[in-house]
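Let's go through this one the way you might at the bench, asking what earns each label. Have a look at the structure first.

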Amino acid sequence: MERGEVEVEPSEGEGGLDGSGWREQITLRGLLVSTMIGIMYSIIAMKLNLTTGMVPNLNVSAALLAFVFIRSWTKLLQKAGFVSKPFTRQENTIIQTCAVACYSIAVGGGFASYLLGLNRKTYELSGGVSSEGNNASSIKEPGFGWMTAFLFVVCFVGLFVLIPLRKIMIVDLQLTYPSGLATAVLINGFHTQGDKMAKKQVRGFMKYFSISFLWGLFKWFFSGIEDCGFEQFPTFGLQAWKQTFYFDFSMTFVGAGMICSHLVNLSLLLGAVLSFGLMWPLIDRLKGDWFPETSEENNMKGLYGYKVFLSIALILGDGIYNFTKILLSTIVHVIGRMKTRKLNAGQRNPSATRKLKQNEIFMRESIPMWIGIIGYITFSIVSMIIIPVMFPPLKWYYVAVAYIFAPSLAFCNAYGVGLTDMNMAYNYGKVALFVLAALSGRENGLVAGLIGCGLIKSVVSVSCILMQDFKTAHYTYTSPRAMFISQAVGTALGCITAPLSFFLFYKAFDVGNPHGEFKAPYALIYRNIAIIGVEGFSALPHHCLQLCYGFFAFAVGVNMVRDLSPPKIGKWMPLPMVMAVPFLVGAYFAIDMCVGSLTVFLWHKLNPKKAESMVPAVASGLICGEGLWTLPASVLALARVKPPICMKFLTS
């Protein structure tokens with residue numbers, strides 16, 4: 001058995017294990033439910049992206065919601081006297097795939113990073129005219145038309161790049177893909193554990209969804225003006241509140257903390273204590289020595305510059321280390337697999353019967369190789385024509401070179417995810433950002449770097465998500481052809497819903513304000529990475545380079561300790577890339593997520609069996625309830641309807 005496989009064995013005749021054709025697995029009700037979940041999760045993911053930049057993996061939550069919606073629908077039809085088509089694990093898998101493909105565009109489409117990094121507010125926060133490479137020609141304000149066109153051009157390329165390698169990675173190499181496998185195990189569990197557990201999960205989801213939605217409404221009444229309401233409740237005192245240490249009663253972040261691992265949440269808290277608890281107050285005392293006494297709060301040559309560049313150092317240190325590690329482990333693993341296949345030729349795996357059944361159904365309705373090749377070439381040519389027209393600084397030959405190297409990068413990333421579950425797409429994008437920014441020169445480098453980053457990241461990320469979904473399909477006996485079609489439908493849907501959900505926030509709230517709720521920290525980080533690529537280290541404030549060296553080394557050192565020390569020590573090492581987020585955002589959301597983590601910990605101690613089955617349902621309810629309240633809150637903000645009360649705390 002492969003590492004990480006938790007057996008929830010499908011029984012014959014349960015949930016459609018006859019391997020029915022792909023046309024039967026794609027249903028109208030499934031597409032409707034996928035659209036509903038995809039839109040809702042696009043709004044939730046966009047909110048998380050624009051507030052902290054941290055979006056937990058919602059695949060399991062999407063599979064649960066798909067099950068809840070369809071089961072509730074079929075029960076209603078039965079009570080009304082109608083006979084509905086049985087709900088199978090294959091249909092559940094298809095819905096989950098389409099919904100995840102849709103909301104993934106909101107997560108990785110650049111709305112809070114490389115695309116938003118082009119707008120005027122980020123340009124001004126990055127130094128404006130005082131920076132040579134950060135010139136006014138590198139500004140492009142967000143627009144629904146060009147953003148949607150850009151997504152349609154770049155996102156579909158990734159769907160075709162790894163189709164020829166589908167059998168090799170899933171069947172021959174038997175890569176684990178932990179997230180895809182976990183989703184498959186959950187879906188198989190839904191369809192074998194009976195209605196009793198399903199009813200409990202539905203009730204749990206609806207209960208906490210309602211509580212979270214109503215709590216969002218209640219909080220809104222007290223948030224009349226800026227720095228008002230429960231979001232600014234000084235839980236640990238006013239002095240701690242000034243350093244962003246408070247619990248802001250956000251059910252979205254509590255739910256996200258319940259989904260994320262304890263290590264992620266504790267790493268966030270450590271980053272918050274290190275930055276806002278220690279470093280920023282100490283560096284602020286050096287005003288007049290390290291940076292000008294009169295510098296504005298958002299000046300990149302002042303304290304704000306240290307916040308941005310030290311977080312970049314942590315992100316790059318962690319990213320480069322893991323990039324190198326996974327690249328090397330991929331090469332070693334491929335060589336090892338080739339030797340093992342030669343030595344074990346003709347031997348039969350102990351679970352050969354089940355695997356043969358999975359392989360048979362997985363290969364029965366194969367996707368022809370010519371579809372992958374023609375699709376990739378066609379969309380690459382379209383990109384080479386359209387992207388330089390939309391963004392003249394990125395020349396067509398850079399786009400061509402990017403698409404020549406993209407398949408090998410996509411393979412390395414998908415293989416690494418199959419082994420470790422770590423998606424390195426953002427790191428491949430950052431490498432492209434640096435290279436293109438440096439090659440394109442000071443006049444064009446910033447725009448070329450940011451857009452080139454998005455181009456590479458989209459191909460590498462979408463192809464990896466598709467391979468994860470193929471693993472889920474393999475384990476749930478779902479047709480890969482149906483999976484590919486649902487992924488394409490979800491991607492097309494996401495290219496429309498993601499920009500719409502972005503403008504829901506962009507028009508209603510002050511996105512990009514470093515003191516507001518929607519800070520969009522990664523937009524500033526990505527633009528400043530491009531500035532470093534164009535200008536070199538001259539963009540850094542005084543003594544910042546030495547600190548950056550230290551934090552870069554810290555990120556590499558922590559990762560080395562985790563990998564080389566015994567597991568009982570390594571498991572306590574923090575995650576540097578996660579630690580970097582509070583450096584810019586603050587401590588409040590880390591406290592929220594730690595509350596979620598503490599809730600899960602106590603629940604597992606008190607009632608482990610119930611916690612195992614109910615945590616995903618409760619967390620999903622908390623995230624979806626307050627996340628959905630964002631929609632009416634945005635409409636009220638657009639209509640200029642302000643909350644009637646301002647709850648504010650002052651010193652005596």
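Buried means under 20% relative accessible area, exposed means over 50%, and partly exposed is in between (1.4 Å probe, protein chains only). This is a predicted model, where local features need pLDDT of at least 70, side-chain atom pairs count only at pLDDT 80 or more, and totals for chains, interfaces and linings use all residues. Residues are numbered from 1 along each chain as its sequence is written, and side-chain values use heavy atoms, with hydrogens and water left out.

Q: Why is Cys 646 called partly exposed?
A: Its relative accessibility is 35%, and partly exposed is the range between 20% and 50%, so the label fits Cys 646.

Q: What makes Cys 228 count as buried or exposed?
A: Its relative accessible area is 5%. The limit for buried is under 20%, so Cys 228 is buried.

Q: How do you know that Cys 228 and Cys 646 are joined by a disulfide?
A: A disulfide is a pair of cysteine sulfur atoms within 2.5 Å. In this pair the S to S distance is 1.7 Å, and a search of the whole structure finds one disulfide.

Q: What parts does the pair tie together?
A: Cys 228 is in the loop between helix H10 (195-220) and helix H11 (238-242), while Cys 646 is in the segment after helix H26 (608-638), so the tied parts are 418 residues apart in sequence. Helices here are DSSP runs (H or I, at least four residues), numbered from the N terminus.

Q: Why are H3 and H26 called roughly perpendicular?
A: They pack at an angle of about 95°, with axes 10 Å apart. Axes are lines fitted to C-alpha atoms, for helices over the stretch in contact, and angles run from 0 to 180 degrees between N-to-C directions. Angles of 65 to 115 degrees count as roughly perpendicular, so the name suits H3 and H26. On the H3 side, the contact (heavy atoms within 4.5 Å) includes Val 60 and Leu 64; on the H26 side, Pro 616 and Cys 624 are among the residues.

Q: How do you know that the length of H16 agrees with what a helix should span?
A: The expected span is 1.5 Å times one less than the number of residues. For the 22 residues of H16 (residues 369-390) that gives 32 Å, and the end C-alpha atoms are 31 Å apart, so the two agree.

Q: What makes Ser 113 count as buried?
A: Ser 113 has 8% relative accessibility, so it falls in the buried class. Leaving aside neighbours within four places in sequence, Ser 113 is in contact with Tyr 522, Ala 523 and Tyr 526.

How values were computed. Helix = DSSP H or I, 4+ residues; strand = E, 2+ residues; numbered from the N terminus. Parallel < 35°, antiparallel > 145°, perpendicular 65-115°, else oblique.
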